[in-house]
Amino acid sequence: MDKIFIEGLEADAVIGIHDWERRIRQTLRLDIELGFDNRRPAASDEVADTLDYDAISQRVTAFVQASEFGLVETLAERCVALVMEEFGVAWMRLKLSKPGAVRNAVAVGVIIERGRAD
């Protein structure tokens, strides 16, 4: 399977279960992999034949910035559902990191993979 990736996408959001977290915005980092057959765009060399990763990046960033979830798990699931539905992606892997959430760790978060059959 061919994949298009978006690495290190950052967006600020209200995220967390603690009262103090509900009053601030925290920077989240997203690494996204999108299953996509690359043969057609490679043959045509036309952007219209591939996934628009700029549009996907902008849509995910806007969604994350407008969100106010308690759990990164919830936000990750919603991001994947949004991209798969709005951009017609059949398979996706998302790593959502919350830097600085745990002392002595660079980041914590979740990695999820979803396909149309899931």
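In the legends below, Ala, Val, Leu, Ile, Met, Phe, Trp, Tyr, Cys and Pro count as nonpolar, Asp, Glu, Lys and Arg as charged, and the others, Gly among them, as polar. The structure shown in every view is a predicted model.

**View 1. The whole protein, with its three helices and five strands.** Followed from the N terminus, the elements of the protein come in the order β-β-α-α-β-α-β-β. Taken along the principal axes, the C-alpha atoms fill a box of roughly 50 × 25 × 20 Å. Of the 118 residues in the protein, 37% are buried. When contacts between residues at least 6 apart in sequence are considered, 57% of them join residues that are at least 24 apart.

**View 2. The open sheet of five strands, with mixed pairing.** Across the sheet the strands are ordered β3-β1-β2-β4-β5, and the edge strands, each of which pairs on one side only, are β3 (68–69) and β5. The pairing of β1 with β3 is parallel and extends over two bridges, with Ile 15 standing opposite Phe 69 in β3. By contrast, β1 and β2 pair in the antiparallel sense, and nine bridges connect them. The strands β2 and β4 also run antiparallel, joined by six bridges.

**View 3. Residue partners along strand β2.** Several residues can be followed here from one strand to the next, beginning with Lys 3, which stands opposite Gly 35 in β2. Further along, Leu 9 has Leu 30 of β2 as its bridge partner, while Glu 10 stands opposite Arg 29 in β2. Toward β4, the bridge partner of Asp 31 is Lys 95. In a regular strand the side chains alternate between the two faces of the sheet. As for its surroundings, β2 is mostly covered, since seven of its ten residues are buried.

**View 4. The largest nonpolar core, made up of 29 residues.** Inside this core, the residues with the most contacts are Leu 34 and Leu 94. Two or more residues are given to the core by each of the elements β1 (3–15), β2 (26–35), α2 (53–66), α3 (72–87), β4 (91–99) and β5 (107–115). Which of these elements gives the largest share of the core? The largest share comes from α3, which contributes eight residues. In soluble globular proteins, nonpolar side chains tend to be buried together.

**View 5. Leu 34 and the residues around it.** Leu 34 lies in strand β2, and because its relative accessibility is 0%, Leu 34 counts as buried, the limit for that word being under 20% relative accessible area. Leaving aside neighbours within four places in sequence, Leu 34 is in contact with Asp 2, Lys 3, Ile 4 and Ile 6, among others. The contacts of Leu 34 also include Leu 51, Ile 56, Val 83, Val 89, Trp 91 and Met 92. For Thr 61, the sequence separation from Leu 34 is 27 residues, and the two C-alpha atoms are 16 Å apart in space.

**View 6. The largest pocket, which holds about 190 Å³ of space.** This pocket is lined by 15 residues, and those closest to its centre are Gly 16, His 18, Glu 21, Lys 98 and Ala 101. What kinds of residue make up the lining, and how many are nonpolar, polar or charged? The lining of the largest pocket divides into seven nonpolar, five polar and three charged residues.

**View 7. Two loop residues other than glycine with positive phi, Asp 45 and Asn 104.** Asp 45 is placed in the loop between α1 (39–44) and α2, and its phi is near 60 degrees. Asn 104 lies in the loop between β4 and β5, with a phi near 70 degrees. Is Asp 45 buried or exposed? Asp 45 has a relative accessible area of 68% and is therefore exposed, the limit for that word being over 50%. Asn 104 likewise counts as exposed, because its relative accessibility is 81%.

Terms used. Residues numbered from 1 in each chain as written. Predicted model: local features only at pLDDT ≥ 70, side-chain atom pairs only at ≥ 80, totals over all residues. Heavy atoms only, no water. Core = buried A, V, L, I, M, F, W, Y, C linked by side-chain atoms within 4.5 Å. Buried < 20%, exposed > 50% of the residue type's maximum accessible area, 1.4 Å probe, protein only. Helix = DSSP H or I, 4+ residues; strand = E, 2+ residues; numbered from the N terminus. Contact = heavy atoms within 4.5 Å. Pairing = 2+ DSSP bridges. 1 Å grid on protein atoms, 1.4 Å probe; cavity = no way out; pocket = protein on both sides within 12 Å on 5 of 7 lines; lining within 4 Å. Points joined across faces, edges and corners; volume = space filled by probe spheres on them.
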